[in-house]
Each structure stands twice: as structure tokens, then as C-alpha cells.
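Me: Could you take me through the aromatic contacts, the helix packing and a few individual residues of this model? Please give the cut-offs as the terms come up.

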Amino acid sequence: MKVADVFHVKNPEIRALHLTWIAFFITFYVWFNMAPLASSMLKSVNWLTADDLRLFAICNVALTIPARIIVGMALDRFGPRRVFSVLMVLMSIPALVFAFGNTMTQLLVSRLILSSIGASFVVGIHMTAMWFKPRDIGFAEGFYAGWGNFGSAAAAITLPTIALNMYGGEDGWRWAIAQSAFVMAAYGVYYWFAITDGPVGTVHRKPRKAVAMEVSSWGDMIKLILWTIPLVGVLGILVWRIENMGYLSFTGAMICYAVIVAIVGYQIIQILRVNVPILKRGVPEDDKYPFNSVAALNSTYFANFGAELAVVSMLPMFFEQTWSLSATAAGLIAASFAFVNLVARPMGGLVSDRMGNRRFVMLSYMFGISIGFGLMGLMNSTWPLIIAVCITVFTSFFVQGAEGATFGIIPSIKRRLTGQISGMAGAYGNVGAVVYLTIFTFVTPTQFFYIIACGAFVSWLLCLMWLKEPESGFADEYQVSSVDLQIEEENRRRQEAIAR
């Protein structure tokens, strides 16, 4: 696939790509529609404080992590078209509640529920994998993610203008947020009718059970349990932060911790229920896959996307304070980290396609991230500003490229588990953000950059030891195992029985 192919919109797969990245763009636009309007909210609502908005920011990522796991399971059962459409329509409801909320409870709960919209990313990843061949998947996934992610930057650029100039008044911010919700709901309905789950005749490979990921060995089942615990366990950090801010009582925090433990226990039980019978029967050789590769890619997304979310939130203040810039100038310079997404992430996928070795590309990007953040840790006020900006852009290219390379590999690991693997890796990006942002409250920016560099280097080591080159990574079709064919036959017979 060539870059110029994205302009061939008459091709069904290219049309599907554009329909899907636009859906992702809109969901990210809605997800990040609060921060650009924060000052307007404070002026309009006299009972809101800056601490309230910080709490909303925490809530804005809280449920994204479990939502990505749940959505990943739903994908493998219902398909990406249905899931994406329903997600957009449903999430417009809390967005509207937040827009017109008049109490702290309404704003807090609606923002918390709306954080689930962050799961939209894995839906589009799955849809794109349905439409593109393994040899082209890197660029297609990178283009989808890079241009869709730009929705957050577009929200920051356009929403203040919409609120002040299009609507105006004290409630301008409310109508700006409501408008984004209405657009998302309308596009969700349109998406349902505008696209299919892959080209006509495509077989949607589904796992036997959607409640937990299938594995190939007893050892892999233990690894899956160990890698699953942090996905929900990390919410304990959010509870701790909210309690420390005084918004949650000790009793309330204990209840939240108990719920988190219960959810983790439930997930472990589901993993055992799904995999113990399969492992007792024995997994055919042609159906086995290396879970170590999944673990390695979890670590890469923790280290690249997690770092991106964390760094974007602190970079404007870092430039403003270090080089005595105005808030506007610092914001524009810091925005370069996000703007690179438009080019760097598709490029990461394209390089992964062209090099003929996805593992080598992944290793190169992760090593580049560790070098980039190491250099950022050295930056101080004595450095020329232009050099600091160049290093920031350099680091961003590796961060965004690594994200593209990660999802250039995932669809080829195990076709029928793409939704679940994408959901887990995507969730680890948010886990990384929560961990890094929590660490940032205790360290200086310099120390923060060094810590992120170390995280990327650890991920590089894990990829070096665990990541395997996918067997069908550059094939014309994804690998189909005997179990895939068996599941397909069982589904066919079930449908025939229903038809009778």
C-alpha cells in the first residue's frame, strides 16, 4: 500500500478507512472537549473550582481502562460496526448531561461515564484489520490512529472559538460541548448504515468465549492473569488520589478498593473458566500463539502511548517555566508533540510494512524513545529554545511511530483474538498514563523525563526477549487454524438450525 492510495476513496477499503478514522476523530474530539473550555466553565459556574476540574480530569481517564477490555470482548462477539455505532450513540448521553449539568454530582458522574469513550480506539483498530491485508495493515492502522488521535488537538483549537464566537454568553461552553455530542450521535447512526465488517464475504473470526482471552499453554494462562491484574488494579491509584484530594471519604475509598478487588477476582475466574477446559483438551499446534508477544506489546503501549498522554499534560508548563515563555507560546510549542501524530504514526506503520521485519522496527522505535526522553531530561534554560523544540519533535516522532508499529503487529498475532489483544494493549496505554502522571506529582520534570526513558528501555528489553515476528505478518491473508475452521463450521450449523 502506498501513501497516495489514501486518496483513492472509491476503493471500498480506503472508504472504510476514512469512515473509521473520522469516527475515531469525533470520539476523541468529544473525549477531550472539557480542557479547552475549563476557564469558561470556571467563569460561568460560580460554585466550580480549579480543584473540581482537576478531579474531572482524573475521572476523564478512569473508566477508559476497563472499558477497553469490555469493548475488546464485545468486538469479538458483535463486530466493530455495531460496537462503534452503539458506543457513539450511548456516549453522547453523558456528554449532554455534562454539558447541561447543574450539580457537582451530575458533572462528576457524567464525566466518569464519558471516559468510556476512550475505548473507541480499539474498535477502529479491529475494523481496519477486517478491511486490510496483513502486508498493508501497519500503514492502515497508523493512518487511522494518527488522524483519529488528532481529534483531541482539533478540540483544543476549535472549541473555544465555537463557545465564544458561535454561541457566546455564559452558557457558550455548554452548547459547544452539546454540539460535539449531537455530531457524535448522528455519525454513530450514519456509521451503522455506511459500512460493513470487512469486504463482502469476509468471515468474522470469533473466539469461542468473549469473556476472556484464550491462551495456548498453562504457563501462558498464569501470564495472562498476571498481566490482567494491573488493568483494573491501577484504578486503586485513582481512588487514592481522589481520597487524598478530599472528594472521597475513607469509607467510600474502602468500598471502591473492595469493588476493584472483586472485579479482578471475577476476571481471574473468567480466565480460568475459559482456558482450563481448552488446555485440558489440548491446543492444536496450528492454533497456538506466543502470549509473550502480547505481553511485550502491552509494555510498548504502556511506554509510548502512556508517555504521550502524560507528557502532553505537563509539557506546556515545562516550556513556560523553563524558558519564561507566555502561556500561548508554550502551548503552541508543546502542541508540536501532538501535531506530529498526523505524520509520525502512519509513518511508523508504513515503515513496519516496508521493512519486512516488524520486530526490528518495534525495537528501533522503543530504543529511539528511550534516547529521546533521555535527551529531554538534559534540557534546561541554558539550552537554545530551538534545540529543545527539535529534540521534543524528534522524541515525538519515535513515540508516535512506536504506537503505529505496535498496532501493525497486533492483528497478525491471533486473528480471532484481535479485539481482545487490542483492548488489552490499548488499556495498558492508559495504565501507563495513570502511573506516569502519578509519579509526576512527586518528581521534577527532569526526573520525570528520565523515568519515562527508563520505562521505554525496559520495554525495549522485553521486546528483545519476548516479541516474535508474526508468521503471517506480510502474507496476503491472515493465518487460519483448524480451530478457526471448527468454530466457523459450528456457527454455520447453529445458523442453519435457527433458520429451520
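Reply: To begin with accessibility, buried means under 20% relative accessible area, exposed means over 50%, and partly exposed lies in between (1.4 Å probe, protein chains only). This is a predicted model, in which local features need pLDDT of at least 70, side-chain atom pairs count only at pLDDT 80 or more, and totals for chains, interfaces and linings use all residues. Residues are numbered from 1 along each chain as its sequence is written, and side-chain values use heavy atoms, with hydrogens and water left out.

Me: Is L464 buried, partly exposed or exposed?
Reply: L464 has a relative accessible area of 39%, so this residue is partly exposed. L464 belongs to helix α19 (residues 445-466); helices here are DSSP runs (H or I, at least four residues), as strands are (E, at least two), numbered from the N terminus.

Me: How far apart in space are L464 and L363?
Reply: Their C-alpha atoms are 7.0 Å apart, with the two positions 101 residues apart in sequence.

Me: Turning to the aromatics, how many aromatic pairs are there?
Reply: Rings of Phe, Tyr and Trp (its six-membered ring) pair if their centres lie within 6.5 Å; planes under 30 degrees apart count as stacked, over 60 as edge-to-face and the rest as tilted. The count under this rule is 36 aromatic pairs. In one of them, Y187 with Y190, the pair is tilted because the planes stand at 55°, and the ring centres are 5.6 Å apart.

Me: Where do Y187 and Y190 lie?
Reply: Both are in helix α9 (residues 172-194), 3 residues apart, which is about one turn of the helix. Y187 is buried, with a relative accessible area of 12%, whereas Y190 is partly exposed at 41%.

Me: How are the rings of Y187 and Y191 arranged?
Reply: That pair is tilted too, because its planes are at 35°; the ring centres lie 6.3 Å apart. Y187 and Y191 are 4 residues apart in helix α9, so about one helical turn separates them. Y187 and Y191 are both buried.

Me: Which residues do ring pairs link into a cluster?
Reply: The cluster is formed by F24, F28, W31, F32, F121, Y144, Y301, F305 and F407.

Me: What lies over the face of W192?
Reply: R81 does, at 4.6 Å from the ring centre. The criterion is that NZ of Lys or CZ of Arg is within 6 Å of the ring centre and within 35 degrees of the ring normal. R111 likewise has its charged end over the ring of F98, 4.6 Å from the centre.

Me: On to packing. At what angle do α5 and α9 cross?
Reply: The axes of helix α5 (residues 80-100) and α9 cross at roughly 165° and come within 8 Å. Axes are lines fitted to C-alpha atoms, for helices over the stretch in contact, and angles run from 0 to 180 degrees between N-to-C directions. The two helices are therefore roughly antiparallel, a term for angles over 145 degrees (under 35 is roughly parallel, 65 to 115 roughly perpendicular and the rest oblique).

Me: Is that crossing left-handed or right-handed?
Reply: α5 passes α9 in a left-handed crossing. Left-handed means that the near helix is turned anticlockwise from the far one by less than a right angle, and right-handed that it is turned clockwise. The residues of the contact of α5 with α9 divide into 22 nonpolar, 3 polar and 3 charged. Nonpolar covers Ala, Val, Leu, Ile, Met, Phe, Trp, Tyr, Cys and Pro; charged covers Asp, Glu, Lys and Arg; the others, Gly among them, are polar.

Me: And how do α10 and α12 pack?
Reply: Helix α10 (residues 218-233) and helix α12 (residues 250-281) meet at an angle of about 160°, with axes 10 Å apart. These helices are therefore roughly antiparallel, and α10 passes α12 in a right-handed crossing.

Me: What is the phi of S324?
Reply: S324 has a positive phi of about 55°, although this residue is not a glycine. Most residues other than glycine have a negative phi. S324 lies in the loop between α13 (291-322) and α14 (327-339) and is exposed, at 67% relative accessibility.

Me: Finally, where is Y289?
Reply: Y289 is in the loop between α12 and α13. Y289 is buried, with a relative accessible area of 6%, and its C-alpha lies 9.8 Å from that of D220, 69 residues away in sequence.
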